[in-house]
Amino acid sequence: MKAITRILFVVALGYVATGCWFWDLINGPQGLTVKTVFVTPPSPTQRQTINPDPGVEVFGHWQGDNGAGPQCGNQMDFSGTTDGSGKLGVPGARLPAVWNFSRNGGHCGFIFSIIMSVVCGQTVQLVCNQTGTAFTMSPATIDINAPPATADLSGGGLD
């Protein structure tokens, strides 16, 4: 009797600690999770980092089934704001399917969309990639011993 109580305690603790993994073992994974992140560019003293981007509005619209397995869920669109770890769960999402995801706010500050195929239980990562060139300068390099008479900077968000 004591052994059965311990086993039930371990199962209950595992369920509470990790979410619904036990239920997923019985029924298979359900729904999807959207995670918003931003990428900081590398610098001479720091590597590129991937960080959670909390408080971002996310939207999802079902585009069509992809037939990659048994269907789970029937919710065909959603909207919400990511939590403190940059995640938003959508437990009733219709999957496997092709979805159009959009994000607004956070480090990107604007709406962008991505279309992707998603399976049951998948975490979809919506990345705000700040590693690209945000500004351009002409000339591209400047010799401080012989600077040019003028230089042109272009890019968005200049104050």
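In which sense do strand β1 (residues 32–40) and β8 pair, and over how many bridges? In this predicted model, in which local features need pLDDT of at least 70, side-chain atom pairs count only at pLDDT 80 or more, and totals for chains, interfaces and linings use all residues, β1 and β8 pair in the parallel sense over seven bridges. Residues are numbered from 1 along each chain as its sequence is written, and side-chain values use heavy atoms, with hydrogens and water left out. Strands are DSSP runs of E of at least two residues, numbered from the N terminus, and two of them pair if DSSP finds at least two bridges between them. Within this pairing, Lys35 has Gln125 of β8 as its bridge partner.

The side chains of β8 (residues 123–129) alternate: Val124, Leu126 and Cys128 point to one face and are buried, whereas Thr123, Gln125, Val127 and Asn129 point to the other and are not. Here buried means under 20% relative accessible area, exposed over 50% and partly exposed in between, for a 1.4 Å probe and protein chains only.

The largest nonpolar core (a set of buried Ala, Val, Leu, Ile, Met, Phe, Trp, Tyr and Cys residues joined through side-chain atoms within 4.5 Å) has 18 residues, of which Leu32, Phe78, Leu95, Trp99, Phe101 and Val118 touch the most other members. At least two residues of this core are supplied by each of β1, β5 (87–90), β6 (97–104), β7 (112–118) and β8, and the largest share, three residues, comes from β6.

Three aromatic pairs are found in a search of the whole structure; rings of Phe, Tyr and Trp (its six-membered ring) pair if their centres lie within 6.5 Å, with planes under 30 degrees apart counted as stacked, over 60 as edge-to-face and the rest as tilted. The ring centres of Phe78 and Trp99 are 5.7 Å apart and the planes stand at 45 degrees, so this pair is tilted. Because Phe78 lies in strand β4 (residues 77–81) and Trp99 in strand β6, the pair ties together parts that are 21 residues apart in sequence. Phe78 counts as buried at 9% relative accessibility, and Trp99 is buried with a relative accessible area of 0%. Phe78 also forms a tilted pair with Phe101, at 6.3 Å centre to centre and 55 degrees between the planes. Phe78, Trp99 and Phe101 form one aromatic cluster.

Asn104, which lies in strand β6, counts as partly exposed at 22% relative accessibility.

Conventions. Helix = DSSP H or I, 4+ residues; strand = E, 2+ residues; numbered from the N terminus.
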